[in-house]
Amino acid sequence: MSKKVLTIFVFVMLALSLAGYRVYRYYISRVPNKTEYQRLVVPVALQLYEMDFTGASDQPVKKYKILPANSVVWVAVNEWASHDDLGDLRKLKDYDGKDNIYAEEIIGKYLPGSVLDAHGPGRLMYYQIFPLSVYKEIPGEIKRCIAAYFHENDFQNTKEYQFTAIADRVSKVIAYGDFTGDNGKDMAVLLENKEKTGSKLVVFHVNENKECNVIFTTDLSGLFAINSFKKGSRVFVDDYNLEKAPLDGIIIKDKENKYAIIYDSEYKSFRQYYQYSDQEINELKHTQQEPEDGVTDTIESSY
């Protein structure tokens, strides 16, 4: 590569970086820079995207057309565009005479396993993690973090823990907030074990540099639901008195129990607090107001 060509390449890559580009191209091939294609009859309708890698457009990824079910296409097996929100989009050969048309990630599901193993070892697709389209609403930087967590634990193969496939339960297994109080974008998720008898709570944290990490996990016996609450909400902390929460937090509950999970800024860890029901508080009041044997004075309660 000449010095002039190298200088132009570096300049273009720097420009894309400064523009905040979130689309990147990767090549994995035994023959460098030669794209290999696989003929495929696509059994379902898929969304196509038109890509712009020049940096000239403010929309580098645009919806193009719907690929009809049972269409015959040639799919690149060693070239794809990786996008935070959409996953790995597969390039199509000369679709509509264009060289920049890509199909949505799930097209990879219909490629032969041997082809994927040969050209994409270790790659984990979003469709292997998220069983429903509603999960597309999860922010891209957290999707990448979830994919890394699944890959690290091999959940996509063992199915030890998975996202729920029940549509009306999705809103009960995801919660957002600034749980650590650093103005970051945090997300708590409840995963279900394969027997549907247990759950795993995982909290993902995105810092100001868009770096994502797992900051808390805990295993639970049974299937729960979660939601978040804002800083200043009144919760039970350590005793029977309601107090203002110092930070955003997570409520986790089932039919019988309810807990608040709050980050302890001093000890840099999450703590769990039991949340009393109205019935439990009333029973406590009644117990405290009952006079002891031989005592006639009324015991006052502040609850």
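**Strands, cores and one disulfide**

Strand S13 and strand S16 (residues 249–253) pair in the antiparallel sense, over 5 bridges. One facing pair is isoleucine 226 and isoleucine 252, the latter in S16. This is a predicted model.

Now widen the view. S13 and S16 belong to an open sheet of 4 strands. The order is S13-S16-S17-S18, and the pairing is antiparallel. Which strands form the edges? They are strand S13 (225–229) and strand S18 (269–274), and each pairs on one side only. From one strand to the next, the twist averages 25°.

Next comes the nonpolar interior. The largest nonpolar core has 40 residues. Within this core, Ile146, Phe163, Leu191 and Phe204 touch the most other members. Several elements supply at least two residues each, including H3, S12, S16 and strand S17 (258–264). Strand S9 (174–177), strand S10 (185–193) and strand S11 (198–206) do so too. Which element gives the largest share? H3 does, with 6 residues. Another core, of 15 residues, lies apart from this one. Among its residues are Val42, Leu46, Leu48 and Val75.

Take a closer look at isoleucine 146. Leave out residues up to four places away in sequence, and isoleucine 146 touches Ile129, Phe130, Ile138, Phe163, Met187 and Phe204. Two of these names, Phe163 and Phe204, also stood in the list of residues that touch the most other core members.

Now turn to the cysteines. How many disulfides does a search of the whole structure find? The search finds 1. A disulfide is a covalent bond between the sulfur atoms of two cysteines. Here cysteine 145 is joined to cysteine 212, with an S to S distance of 2.2 Å. Cysteine 145 lies in helix H3 (residues 140–153), and cysteine 212 in strand S12 (residues 212–221). The pair therefore ties together parts that are 67 residues apart in sequence. The torsion about the S-S bond is about -95°, so this disulfide is left-handed. Is cysteine 145 buried or exposed? Its relative accessibility is 9%, so cysteine 145 counts as buried, since the cut-off for buried is under 20%.

Finish at leucine 86. This residue sits in the loop between strand S5 (71–83) and strand S6 (87–92). Leucine 86 has a relative accessible area of 27%, so it is partly exposed. Setting aside neighbours within four places in sequence, leucine 86 is in contact with Tyr49, Val61, Glu105 and Tyr126. Glutamate 105 is 19 residues from leucine 86 in sequence. In space, the two are 7.1 Å apart, C-alpha to C-alpha.

Conventions. Residues are numbered from 1 along each chain as its sequence is written. This is a predicted model: local features need pLDDT of at least 70, side-chain atom pairs count only at pLDDT 80 or more; totals for chains, interfaces and linings use all residues. Side-chain values use heavy atoms; hydrogens and water are left out. A disulfide is a pair of cysteine sulfur atoms within 2.5 Å. Buried means under 20% relative accessible area, exposed over 50%, partly exposed in between (1.4 Å probe, protein chains only). Two strands pair if DSSP finds at least two bridges between them. Axes are lines fitted to C-alpha atoms, for helices over the stretch in contact, and angles run from 0 to 180 degrees between N-to-C directions. Contact means heavy atoms within 4.5 Å. A nonpolar core is a set of buried Ala, Val, Leu, Ile, Met, Phe, Trp, Tyr and Cys residues joined through side-chain atoms within 4.5 Å.
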